[in-house]
There are 2 protein chains.
Amino acid sequence: MKKFVNDPVLFVDEMLEGILVAHPDQLTQCADNNRNIVRAQGGDKVALVSGGGSGHLPLFMGYVGEGLLDGCAVGGVFQSPSADQIYEITRHVDSGQGVIYIYGNYSGDIMNFEMAGEMAAMDDIKTVHIVGNDDVASAPKGEEHKRRGVAGIFFIYKAAGAAAERGASFEEVKRIGEKAKANVRTMGVALSPCIIPEVGKASFSIEDGEMEIGMGIHGEPGIVRTTLAPADEVVDHMMERILADMQLNAKDEVAVLVNGLGATAKEELYIVYRRIAQTLKEQGISVFHVYVGEFATSMEMVGFSISLCKVDEELKDLLSQGARTPFFEQAAF
Amino acid sequence: MKKFVNDPVLFVDEMLEGILVAHPDQLTQCADNNRNIVRAQGGDKVALVSGGGSGHLPLFMGYVGEGLLDGCAVGGVFQSPSADQIYEITRHVDSGQGVIYIYGNYSGDIMNFEMAGEMAAMDDIKTVHIVGNDDVASAPKGEEHKRRGVAGIFFIYKAAGAAAERGASFEEVKRIGEKAKANVRTMGVALSPCIIPEVGKASFSIEDGEMEIGMGIHGEPGIVRTTLAPADEVVDHMMERILADMQLNAKDEVAVLVNGLGATAKEELYIVYRRIAQTLKEQGISVFHVYVGEFATSMEMVGFSISLCKVDEELKDLLSQGARTPFFEQAAF
């Protein structure tokens, strides 16, 4: 196991200890639990809360900060946080204007967020759920409710977070989050698995020279396992699926996210983006903004994902607003 | 080779094509060569130019932008850029106030930057060289001039870049860059090699369960190869070397950079930082600011480095200034 860890059982808690001691001006914990991450300075605004398993940094807690989330419940590696955690965070961040839950489409997370929402309702805290389901590889068109949430959740955080920061109402932030959710599609490819520290070995393997297109960020099976092709061919395969699902028209505009899954070099992500840009140009689709980097990882997995988010004037305005967390900074542009 | 590439011969140029098409508002090329990267909008200021081999993103070109560098000459993977490239960039970015060269202590880079400086002198462009040599593992104390430059160059860029952006004079920017250089020390550890695309296989190997402390970012030999120890032990070994070399006193203040070499998860970098923070606290040394992420990589190498930069009021002021490139954003703090 090529990892720098102490006792694997302490992986998440030592990581969180490191994060909280590194960024005390920006992040803190609530309800005496270092797995309940909230902004060090709260605001009088509609609150946004996420949560999910560890092992995906900067997902999920890395987006707690100005212009993005207010709190995040952190689970064990690839495990849902508890309903109690989410409820405690909800109570902490609610300013009376309600709390919007944004998380990925995984059964454990859904169950726990729903339970937390019911507990919050007994305290008269209004909540609503936006469940990211951007992974086009995980279920066919028409069955979007079965799709997994992956890197595209970034666009939901960014758009809804910008609106909330500006003081938009609960209904307005909800509407914007749902619009971003409806407009984003993602597809991933992996060349290697990753290792859960407590397990100590990969739960599956990919031969050298093979790739799995459509693999999920926990190693869920993809749609095709085949010989590793040149980067442009891999991108073409993924873009074809994404574009078929989105049904964009010439003159439409998109934001693009090229996300490294952990061990893929940024050099390669830009070789990937080069081909994406060519394809979009050929189809007459404009690129509003490009994000390239690690936005949703699987620890040391080799691979990347492509997300496209169709944007209109409203989403462009929100995406271009500044944001600041210890894991993601963006000046307004 | 678990990489997403097309023809490996085109690795650098396709990467640069991707970068330039992704960030046209921020970066452009000069002298009709996409390996000559400069800011899209130049300024009337002392100019900072860097350069070096590819394969280390965000080094070196990722630091071209507001509050950091003005231009960067990009070489092949692990190869120096040419003197002509550096000279062309120098001519492009000089506003009459001189150009400061900041690069790592590698013979090819030194030779080419010196030649470029001589060519610039014939055009009456003033230049000076600041050669990063922060890697304490690469030569003993007293032989600092033999040490390699690694991730610590970030602090030279950041301090000198902030001063230049504020309009400081050539002599002043030089003084500040040299101060940052004198104050920074780095040490790295690797658990795996990386593969140069054109070569297609690693130039050395590290057995599973082994680590090499002090390894360079091109795989230069380290000071000890041994069994992989728990993260805290690895950190203690590295910190002991760094602190012995820096000779800090209680009440001194440092900025810390925990740099991933490519394939090491951010989760682990924070487990590492947790131990660094404990050690510094025990010694009464304050932490001014912490950077955790990928700042100087070796493509998909597994490993990390620790850099400490001793800071005074002047350096704190400069490090906390805002900066913005496609690879690094920081709001003023």
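Biologist: Where in chain A does P58(A) lie?

Modeller: In this predicted model, P58(A) sits in the loop that joins strand 3 (47-54) to strand 4 (71-77) of chain A. The peptide bond leading from L57(A) into P58(A) is cis, and its omega is near 5°.

Biologist: Which peptide bond of chain B is cis, with omega near -10°?

Modeller: That is the bond from L59(B) to F60(B). F60(B) belongs to the loop between strand 3 (47-54) and strand 4 (71-77) of chain B.

Biologist: What makes the phi of K251(A) worth a remark?

Modeller: Phi of K251(A) is positive, about 80°, although K251(A) is not a glycine. K251(A) is placed in the loop between helix 6 and strand 10 (253-260) of chain A.

Biologist: Why does K251(A) count as exposed?

Modeller: A residue is exposed if 12 or fewer other C-beta atoms lie within 10 Å of its own. K251(A) has 8 such neighbours, so K251(A) counts as exposed.

Biologist: How do you know that D124(B) is exposed?

Modeller: The count for D124(B) is 8 other C-beta atoms within 10 Å. Set against the limit of 12 or fewer, that count makes D124(B) exposed. D124(B) is found in the loop between helix 3 (107-122) and strand 6 (127-132) of chain B. Its phi is near 60°, a positive value for a residue other than glycine.

Biologist: Why is G219(A) called buried?

Modeller: Buried requires 20 or more other C-beta atoms within 10 Å. G219(A) has 20, so G219(A) is buried. G219(A) lies in the loop between strand 8 (210-213) and strand 9 (224-227) of chain A.

Biologist: Which residues are in contact with G219(A), leaving aside its neighbours within four places in sequence?

Modeller: They are P193(A), S203(A) and F204(A). G219(A) and F204(A) are 15 residues apart in sequence, while their C-alpha atoms are 7.8 Å apart in space. A contact is judged on C-beta atoms, which must lie within 7 Å.

Biologist: How do you know that chain A is as compact as a globular protein of that length?

Modeller: Chain A has eight helices and 14 strands. For its 333 residues the globule rule gives 20 Å, and the radius of gyration is 19 Å, close to that value, so chain A is as compact as a globular protein of that length. Along the principal axes, the C-alpha atoms fill a box of roughly 55 × 50 × 35 Å. Buried residues account for 59% of the 333 residues in chain A. Of the contacts in chain A with a separation of 6 or more, 70% are between residues 24 or more positions apart.

Biologist: Why are helix 6 of chain A and helix 7 of chain A called oblique to each other?

Modeller: The axes of helix 6 (residues 231-246) and helix 7 (residues 266-282) of chain A come within 9 Å and cross at roughly 50°. Angles under 35 degrees count as roughly parallel and 65 to 115 as roughly perpendicular. The angle falls in neither class, nor over 145 degrees, and the two helices are therefore oblique. Their crossing is right-handed.

Biologist: Which residues of helix 6 of chain A meet helix 7 of chain A?

Modeller: A231(A), D232(A), V235(A) and M239(A) do, and on helix 7 of chain A the partners are I271(A), V272(A), R275(A), I276(A) and T279(A). By class this contact holds six nonpolar, one polar and two charged residues.

Biologist: How many residues of chain B are in contact with chain A?

Modeller: 47 residues of chain B touch 47 residues of chain A. On the chain B side, helix 7 gives the largest share, nine residues. That side divides into 25 nonpolar, nine polar and 13 charged residues.

Biologist: Where does helix 7 of chain B come within 7 Å of a helix axis of chain A?

Modeller: At helix 1 (residues 11-22) of chain A, where the axes cross at roughly 65°. The crossing is left-handed. Residues in this contact include F11(A), M15(A) and I19(A) of helix 1 of chain A and Y270(B), I271(B) and R274(B) of helix 7 of chain B. The classes are nine nonpolar, one polar and four charged.

Biologist: How do helix 7 of chain A and helix 1 of chain B cross, left-handed or right-handed?

Modeller: Left-handed. Their axes come within 7 Å and cross at roughly 65°. Among the residues that meet are E267(A) and A277(A) on helix 7 of chain A, and E14(B) and V21(B) on helix 1 of chain B.

Key. Residues are numbered from 1 along each chain as its sequence is written. Chains are lettered from A and ligands numbered from 1 in the order in which they are written. This is a predicted model: local features need pLDDT of at least 70, side-chain atom pairs count only at pLDDT 80 or more; totals for chains, interfaces and linings use all residues. Axes are lines fitted to C-alpha atoms, for helices over the stretch in contact, and angles run from 0 to 180 degrees between N-to-C directions. Helices (H or I, at least four residues) and strands (E, at least two) are DSSP runs, numbered from the N terminus. A crossing is left-handed if the near helix is turned anticlockwise from the far one by less than a right angle, and right-handed if clockwise. Two residues are in contact if their C-beta atoms, placed from the backbone, lie within 7 Å. Ala, Val, Leu, Ile, Met, Phe, Trp, Tyr, Cys and Pro count as nonpolar, Asp, Glu, Lys and Arg as charged, and the others, Gly among them, as polar. The radius of gyration is taken over C-alpha atoms; the globule rule is 2.2 Å times the number of residues to the power 0.38.
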